[in-house]
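Open the structure in your viewer and keep the selection tool ready. We will go stop by stop, picking residues and strands as we go.

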Amino acid sequence: TMLRVNPSYGTRFKEVFGSDRSRPVILPVVHVVDPEQTIRNIEMAVKHGVDGVWLIDHYNVHTHNLTACFNAARAHFPALWMGVNPLQFNRRPLDIFKYVSQELDRCDGLWCDCSFIEPALPIRRGEPITLKTLGQQLVPPKLLEEKEKRHWRGLYFAGIAFKGQPLYHPAQDAEDVAHNLDAAKILHHAAVLGTYFCDVVVTSGSKTGEACPVGKLSCLR
């Protein structure tokens, strides 16, 4: 039996941003350098009516700077929706909810490039694909346990077939991926699995600056 989308998926997102909207939710990314630059960039975004901001630090291997920038920005914008994409936890994901709940002042959102969802067994040429079940997911349930353990109530955005992460299928970023039945099936299954482990499924093109193929989006939906 094909797994169906989690019926409660999207509920918390609508609770936060509203379900009766005339335009999409706009959450630009601020690449932080220092607290002053972070606040300056957020001020520009707020002037243009954004719904919130993401903070990301590409320049430091530790979280100290991201933490300082976030907390300074929170003091300056006490009511603004603010989230982080802490790349520093990509290799130790189980520590990430401790970080957002204890180190950051009222963090509203967490965006992880990798969801650690495994939609299928390794692909072998000439053999049919084998999809993995909800019960066969290893890391995502542990992440949910950590989220509950830390009593963190922010929105969790998780990457599915995201740039820089292990490929689900070699054709997942092709323009005509929707015509590759195996790739389309794996992408859709990954997205459906994601609805059980996060608030928002996120994807991307194959690299920074590359738009996500429309066919890929259609498969995920």
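**Stop 1: L55 and the core**

Select L55 and show its surroundings: beyond its neighbours within four places in sequence, L55 is in contact with V30, V32, T38, I42, L66, C69, F70, M82, G83, V84 and N85. Keep in mind that this is a predicted model.

Now widen the selection. L55 belongs to the largest nonpolar core, which has 30 residues. Which members touch the most other members? They are L55, V84, V100, L110 and Y156. Colour the elements that give two or more residues to this core: α2 (35-47), β2, α3, β3, α4, β4 and β5. Another core lies apart from it, with 18 residues. Pick I160, A184, L187 and C219 to find it; they are among its members. In soluble globular proteins, nonpolar side chains tend to be buried together.

**Stop 2: the sheet**

Switch to a cartoon view. In what order do the strands of the open sheet run? The order is β1-β2-β3-β4-β5-β6, and the pairing of these 6 strands is parallel. Find β1 (29-31) and β6 at the edges. Each has a single partner strand, so one side of each is left without a neighbour in the sheet. Look along the sheet to see the turn: on average, neighbouring strands are at 25 degrees to each other, direction ignored.

Next, select helix α3, residues 64-76. This helix packs on the sheet and touches β2 and β3. The direction of α3 makes about 175 degrees with that of β3.

**Stop 3: strand β5**

Select residues 155-159, which make up β5. Is this strand mostly covered or uncovered? It is mostly covered: 5 of its 5 residues are buried. Show the side chains. In a regular strand the side chains alternate between the two faces of the sheet. Here L155, F157 and G159 point one way, while Y156 and A158 point the other way.

Add β4, residues 109-112. β4 and β5 pair in the parallel sense over 4 bridges. Look for G109 opposite L155, then for W111, whose bridge partner in β5 is F157. Trace the chain as well: β4, helix α5 (residues 139-149) and β5 make a right-handed β-α-β unit.

Move to the other neighbour, β6, at residues 200-202. β5 and β6 pair in the parallel sense over 3 bridges. V202 is the bridge partner of G159. From β5 the chain crosses through helix α6 (residues 181-194) to β6, again in a right-handed β-α-β crossover.

**Stop 4: aromatic rings**

Show the aromatic side chains. How many aromatic pairs are there? The count comes to 11. Zoom in on W54 and W111. Their ring centres are 5.5 Å apart and their planes are at 65 degrees, so the pair is edge-to-face. This pair links distant parts of the chain: W54 sits in β2 (residues 53-56) and W111 in β4, 57 residues apart. Both are buried.

Then select F89 and Y99. This aromatic pair is tilted, at 5.1 Å centre to centre with 35 degrees between the planes. F89 lies in the loop between β3 (82-85) and α4 (96-102), and Y99 lies in helix α4. F89 is buried at a relative accessible area of 5%, and Y99 is buried at 4%.

For the last view, select F13, F17, W54, W81, W111, F157 and F162 together: ring pairs link them into a cluster.

Definitions and conventions:
Residues numbered from 1 in each chain as written. Predicted model: local features only at pLDDT ≥ 70, side-chain atom pairs only at ≥ 80, totals over all residues. Heavy atoms only, no water. Buried < 20%, exposed > 50% of the residue type's maximum accessible area, 1.4 Å probe, protein only. Pairing = 2+ DSSP bridges. Right-handed = clockwise from strand over helix to strand, strands pointing away. Phe/Tyr/Trp six-rings, centres within 6.5 Å; stacked < 30°, edge-to-face > 60°. Axes fitted to C-alpha atoms, helices over the stretch in contact; angles between N-to-C directions. Contact = heavy atoms within 4.5 Å. Core = buried A, V, L, I, M, F, W, Y, C linked by side-chain atoms within 4.5 Å.
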